[in-house]
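Q: I would like to learn how to read burial, strand pairing and helix sidedness from a set of coordinates. Please take me through one case.

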Amino acid sequence: MAYTRDIRRRDGTFESGRNLLYYIFPFISIFNFHSKPILLHFQKKTLMLQVNYIRENKQKVIELLAVKNFDAAETIEHILAFDEDRRNTQKQLDDTLAEANRAAKEIGGLYKQGKRNEAENLKIKTSELKQLSKELTEKLDSFTKKTNDLLIQLPNVPHPSVPSGNTEEDNETLHQEGDIPEPAEDAMPHWDLIKKYDIIDFDLGNKVTGAGFPFYKGKGAKLQRALINYFLDRALDAGYLEIQPPLLVNEDSGYGTGQLPDKDGQMYHVTGDNLYLIPTAEVPITNIYRNTILSAKGLPVKNVAYSSCFRREAGSWGAHVRGLNRLHQFDKVEIVHIVHPDHSYEILEEMKDHVGSLIRELGLPFRILRLCGGDLSFTSALTYDFEVYSSAQKRWLEVSSVSNFESFQANRMKLRFKDEDGKTRLAHTLNGSALALPRIVAALLENNQTPDGIKIPEVLVPYTGFDTIG
C-alpha cells in the first residue's frame with residue numbers, strides 16, 4: 001500500500017498502554033494546583049491568577065474541555081463560588097489585620113498620654129481582632145482547599161487543533177509514508193525471530209528478574225547499542241545537548257513533571273530512600289530547570305538523553321503486548337525542549353520532523369497521528385503519535401509520542417524565564433521519544449527478514465559493524 005496524506009480515522013488494535021491511572025489526577029497549565037503539602041506555598045501564590053482566567057474565559061474553558069469529553073460546567077461554577085467566598089474572606093482578613101495594626105500603634109501613644117484605661121480597652125480589642133483574624137485565616141484556608149480540590153479535577157485545555165473523539169479509533173492520521181511490506185508465507189513475528197537467531201532472551205530475563213525484563217545477546221545487544229548511538233548522533237547533529245541523567249529521581253522531581261501522584265502505581269518505588277526509577281528521561285532532564293529562571297536569550301533549551309526506562313504497568317495480556325511490544329524495562333532516547341511560549345508550536349513541528357526523519361532513514365513505513373480529545377492525556381495540550389508498521393504482526397506499533405505541555409510542567413516546577421522586557425514568565429516544555437527502541441527493533445526484525453537472515457538498515461551498518469543477523 002503506497003503512502004497517503006489523507007486525513008482519516010485511525011484503525012488497528014489497542015496498543016497505547018494508557019490506563020485509568022493516567023487520567024485520575026489532572027495538573028494543568030492554566031489552573032495548576034494539587035493537594036500535596038510540598039507544593040502548598042505554590043498553590044497559594046498562583047491561585048488568584050488562574051481562577052481569574054477561568055472567570056474571564058469560563059465559556060471558552062468549558063467548550064475546550066468538552067473536546068476531552070470532560071463536562072466542566074458544574075465544577076467551574078463551584079470553583080468560582082468558592083473563590084468568591086475566598087476573596088470576600090481575604091478582604092475581611094485584610095481589613096481585620098489593618099485594624100489590628102492601627103490599634104497596636106495607638107496603644108503605645110495612649111500609655112504615653114496617661115490614658116491607661118483607653119489603652120487597656122484597646123488591648124482587649126486587639127485580642128479580639130487577633131482571634132477574629134485566626135478564624136478568618138482558617139476560613140480562608142478552607143475555601144482555598146475546596147477550590148483546589150475542584151481545580152485538580154480539571155484537565156489541561158487542548159489546543160484548538162485537537163479533534164473531538166472518544167478513543168484512539170478517533171485519532172487522525174495526518175501523514176502516512178512508505179510501502180507496507182507483504183510478508184512471505186513463512187514470515188515470523190519477532191518473538192520467534194529472536195529465538196531463531198538467539199539475540200534476545202525472555203526466558204533468561206524471567207529467571208533472573210521477571211517478566212518484561214529481557215536479556216539482549218550478541219548481535220541483539222549490538223543492535224541495541226547501534227540504535228542508541230545513531231539516535232543520539234542524529235540529535236547532536238540537530239543541535240541538542242547530550243545529557244546522561246541518573247535513573248533514580250526524588251519525589252519532588254516526580255511531582256514536577258507530573259508523574260506523581262497520577263502515575264505512582266506505574267513507577268518502581270525504592271521505599272528505603274523514597275526514590276523512583278524513571279519511566280522516561282523526560283523526568284530528570286526537565287527537572288534540571290526546576291526552580292530556575294532562565295533568560296529569553298538562552299531559549300530554546302534543547303537536551304537529549306539516552307536512558308533505560310522502567311514502568312510497572314506493562315499492559316494487558318494478549319498478542320499485542322507479546323515480546324518487545326510492551327516491557328517493564330526498555331531503552332529510549334528522549335528529546336526535551338524548554339522554549340519561549342510564543343514559539344512552542346513551531347518547536348513541536350520541528351520535533352515532529354526530527355522523529356519522522358529517524359524512522360524514514362531506518363526504512364520503516366510509518367504514520368503520524370494527532371490524538372483526539374478522548375485519547376489525549378490530562379496534561380497535554382497537543383500530542384502527535386508515531387507508529388511503524390510491523391509486517392509479521394500486520395499491525396501498527398506506537399514508537400513515539402511528541403507533546404506540547406505548554407506551561408503545565410513549568411507551572412509545577414516554577415520554571416520561568418525573563419523576557420525581553422525583564423518580565424518573569426512561565427516557559428513552555430515539550431518532550432518526545434526519539435526513539436523508543438523495543439518496537440523499532442520488533443519492526444526492523446519482522447520487516448527485514450529474508451531467507452538469508454535479517455538485513456540491517458544501511459544507516460546502522462557503521463554502528464553495528466555487520467549488515468545481516470543470521
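A: The turns below go from the whole chain to one strand and then to one helix. This is a predicted model, in which local features need pLDDT of at least 70, side-chain atom pairs count only at pLDDT 80 or more, and totals for chains, interfaces and linings use all residues. Residues are numbered from 1 along each chain as its sequence is written, and side-chain values use heavy atoms, with hydrogens and water left out.

Q: What does the secondary structure of the protein chain come to, and how is it assigned?

A: Helices (H or I, at least four residues) and strands (E, at least two) are DSSP runs, numbered from the N terminus. Here the protein chain has 13 helices and 20 strands.

Q: How many of the residues count as buried?

A: Buried means under 20% relative accessible area, exposed over 50%, and partly exposed in between, with a 1.4 Å probe and protein chains only. Of the 470 residues, 53% count as buried.

Q: Which residues lie on each side of strand E12, and are they buried or exposed?

A: In a regular strand the side chains alternate between the two faces of the sheet. In E12 (residues 366–370), Phe366, Ile368 and Arg370 are on one side, Arg367 and Leu369 are on the other, and all are buried.

Q: Which strands pair with E12?

A: Two strands pair if DSSP finds at least two bridges between them. E2 (residues 172–177) pairs with E12 in the antiparallel sense over five bridges, and glutamine 176 stands opposite arginine 367. E13 (residues 382–390) also pairs with E12 in the antiparallel sense, over five bridges; there, leucine 369 stands opposite aspartate 385.

Q: What does the side chain of arginine 367 join in a polar contact?

A: A polar contact is a pair of N or O atoms within 3.5 Å; within protein, one must be able to donate a hydrogen and the other to accept it, and residues adjacent in sequence count only if both atoms are side-chain atoms. Arginine 367 has a relative accessible area of 0%, and its side chain makes a polar contact of 2.7 Å with that of glutamate 387.

Q: Why are the buried residues of helix H5 on the same side?

A: The arc to look at is that of the directions from the helix axis to the C-beta atoms. In H5 (residues 190–197) the buried residues are His190, Trp191, Leu193, Ile194 and Tyr197. They cover an arc of only 160° around the axis, so they fall on the same side of H5. Lys195 and Lys196, on the other side, are exposed.
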